[in-house]
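Good morning. I will take you through one structure today, part by part. Please keep the sequence and the picture in view while I talk.

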Amino acid sequence: MDDPVRFEVQPAYRFEGQKTKIKAPKEIAYFSYDDERKYHPDCSSLSYYYPPPIPPEGIDLSKGFEKFHQLDDSNDEHLDSLLRTIMDLEKKDGHMCEADVVTWRGMMTKIVTAPYDKFSEFEMNATKFQVINEGSGRFIEEHHIRRDEERNGLRHNGYSGNRFPPEMMSYWVAGYKFETLSVIPNIWDAVSRDTIEGRDEEVVNNYSQYCSVVRTAIGDNSLVIGGEVDAVWDEKPEDADRAINWVELKTTEIFPPNDDRALLKFERKLLRMWAQSFLLNVPRLVIGFRDSGGRLHQIKELETQRIPGIVKRKETIRRQPCPWDAFGCLKFADDVLCWLRREIGEGIWRIRKRKGEGHIELLKLTEEGPGRVLSEEFVQWRRSDEFRSMQQTAAMQ
């Protein structure tokens, strides 16, 4: 194993004030997981936003916890479903889906927010495969073992001192119940009143997901990113060139409006919420505000593009430094991606940031790749005679 190379994250201010060219994320494909976590190349798990009425006493977000149908994600899914969707897209369009970087939205969120997230830590695996031009063909996945270690630590330490079991708190902190309360399976006039009014009794299930695959660019880096989308505001347009009114659903704890410390904590949470929404071009964030006992009392809507400005205005009012800067996040992401593309060669690589450290490390794990970062099905497809013939045909057109 070679000595790691480093990219300095701090000081973050050196990335601020510099505009980075952005190509708006556009959906190029999608897929669904059903209630049994089976893959479907369709939009069968698409949900539609329809907020619940909130009574004066609030809604108990712990209700139904004992029946929660929780996904056991100890099985590493790698990039498999994303790559499968890319394969189907290539066969349909008749040409290669090219990008400098292919990854999940979660990996890009960690990178985008790293300069301002003091507690950030991550490990990712990366490989280089079928480079079309210099710097392209990098695939990045989460290092599954490290992720599980972080989650176990959060379960044991993250909710200490609370009167509720950590599993129950995770149930409503993660927003599983809130999402079930806030969505319906079809457009409003196609859903029965019983279904709408019975959502509080519905068994919560986090197996089912609709995942959007988008093409975007940050600076000089072209990206194909896959990620879950919670719901659509109205309905998904049939015209692929029209913007989709996606909705990102989140929960957070209520805080007094004059509590500057609590407000600062909320603004730091907004960093991750903004980044997640920005990366998939989700225009609206819906936040459910709950009390310390897990009861939902209020729902607020925020436009994704306005969140950085809201945080900036609060800085002026408080006369304190802004906790994060959107321009700094995007410039940092641009520079890190360019660095990764330069450094990642053949083999399998580890991208690592430890908590409290002001740098990202990159080290080579093996001389040969792509290993398990890429599915065997995807590798075989890209090396097949059918793929080569398709590329030759596309080149002549």
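One definition to begin with: a residue is called buried under 20% relative accessible area, exposed over 50%, and partly exposed in between. Asp80, at 23% relative accessibility, therefore counts as partly exposed. Keep in mind that this is a predicted model.

Let me start with the sheet. It is an open sheet of 10 strands with mixed pairing, and the order reads E1-E17-E16-E7-E8-E6-E11-E10-E2-E3. E1 and strand E3, residues 39-40, stand at the edges with a single partner strand each, so one side of each has no neighbour in the sheet. As a general point, side chains in a regular strand alternate between the two faces of the sheet.

Now to strand E17, which covers residues 359-366. Is E17 largely enclosed or largely open? Of its 8 residues, 6 are buried, so the rest of the structure largely encloses this strand.

On one side, E17 runs antiparallel to strand E1, residues 5-8, and 4 bridges join the two. Within that pairing, Glu8 is found opposite His359 of E17. E17 also pairs with strand E16, residues 348-353, again in the antiparallel sense, over 5 bridges. There, Lys364 of E17 has Trp349 opposite. E16 and E17 make up a hairpin with 5 residues between them. In the turn sits Gly356, with a positive phi of about 85 degrees.

Further along the sheet we come to strand E8, residues 138-142. Which way do its partners run? Strand E7, residues 122-128, is antiparallel to E8, with 5 bridges joining them. Ala126 has Ile140 in E8 as its bridge partner. Strand E6, residues 101-104, is parallel to E8, and the two are joined by 3 bridges. For Val101, the bridge partner in E8 is Arg138. Like E17, E8 is mostly covered, with 4 of its 5 residues buried.

Next, the charged side chains. How many salt bridges are there? The count comes to 22. I will go through some of them.

Take Arg372 and Asp80. They form a salt bridge whose closest N and O atoms are 2.7 Å apart. This pair links distant parts of the chain, 292 residues apart: Arg372 is in the loop between E17 and helix H10 (376-382), while Asp80 is in helix H1, residues 80-93. Arg372 has a relative accessible area of 41%, so it counts as partly exposed. As we saw at the start, Asp80 is partly exposed as well, at 23%.

Then there is Lys177 with Asp200, whose side chains meet in a salt bridge at 3.3 Å, N to O. Lys177 belongs to helix H5, residues 176-182, and Asp200 to the loop between helix H6 (193-197) and strand E10 (209-218), so the pair ties together parts that are 23 residues apart in sequence. Are the two ends of this salt bridge buried or exposed? Lys177 is buried, with a relative accessible area of 1%. Asp200, at 24%, is partly exposed.

Back at E17, Lys364 forms a salt bridge with Glu367, with 3.0 Å between the closest N and O atoms. Lys364 has 15% relative accessibility and so counts as buried, whereas Glu367, at 56%, counts as exposed. There is also a network of salt bridges that links Arg6, Arg352, Arg354 and Glu361.

What about charge on the surface? Asp189, Asp234, Glu235 and Glu238 form a negative surface patch. One of these, Asp234, lies in the loop between strand E12 (231-232) and strand E13 (246-253). Asp234 is partly exposed, with a relative accessible area of 35%.

Last, a loop residue. Where is Pro55? Pro55 is in the loop between strand E4 (48-49) and strand E5 (59-60). Its relative accessibility is 30%, so Pro55 counts as partly exposed. Pro55 and Arg261 are 206 residues apart along the chain, and 29 Å separates their C-alpha atoms.

To recap, we have looked at an open sheet of 10 strands, a largely enclosed strand E17 within it, and some of the 22 salt bridges. That is all I have for today.

Note on methods:
Residues are numbered from 1 along each chain as its sequence is written. This is a predicted model: local features need pLDDT of at least 70, side-chain atom pairs count only at pLDDT 80 or more; totals for chains, interfaces and linings use all residues. Side-chain values use heavy atoms; hydrogens and water are left out. Buried means under 20% relative accessible area, exposed over 50%, partly exposed in between (1.4 Å probe, protein chains only). Two strands pair if DSSP finds at least two bridges between them. Patches are made of residues with over 30% relative accessible area and no salt bridge: like charges are joined within 9 Å, nonpolar side chains (Val, Leu, Ile, Met, Phe, Trp, Tyr) within 5 Å. Accessible areas come from the Shrake-Rupley method with a 1.4 Å probe; for residues, only the protein chains shown count as cover. A salt bridge is a side-chain nitrogen of Lys or Arg within 4 Å of a carboxyl oxygen of Asp or Glu. Lys and Arg count as positive and Asp and Glu as negative; His and the chain ends are not counted. The place of a charge is taken as NZ of Lys, CZ of Arg, CG of Asp or CD of Glu.
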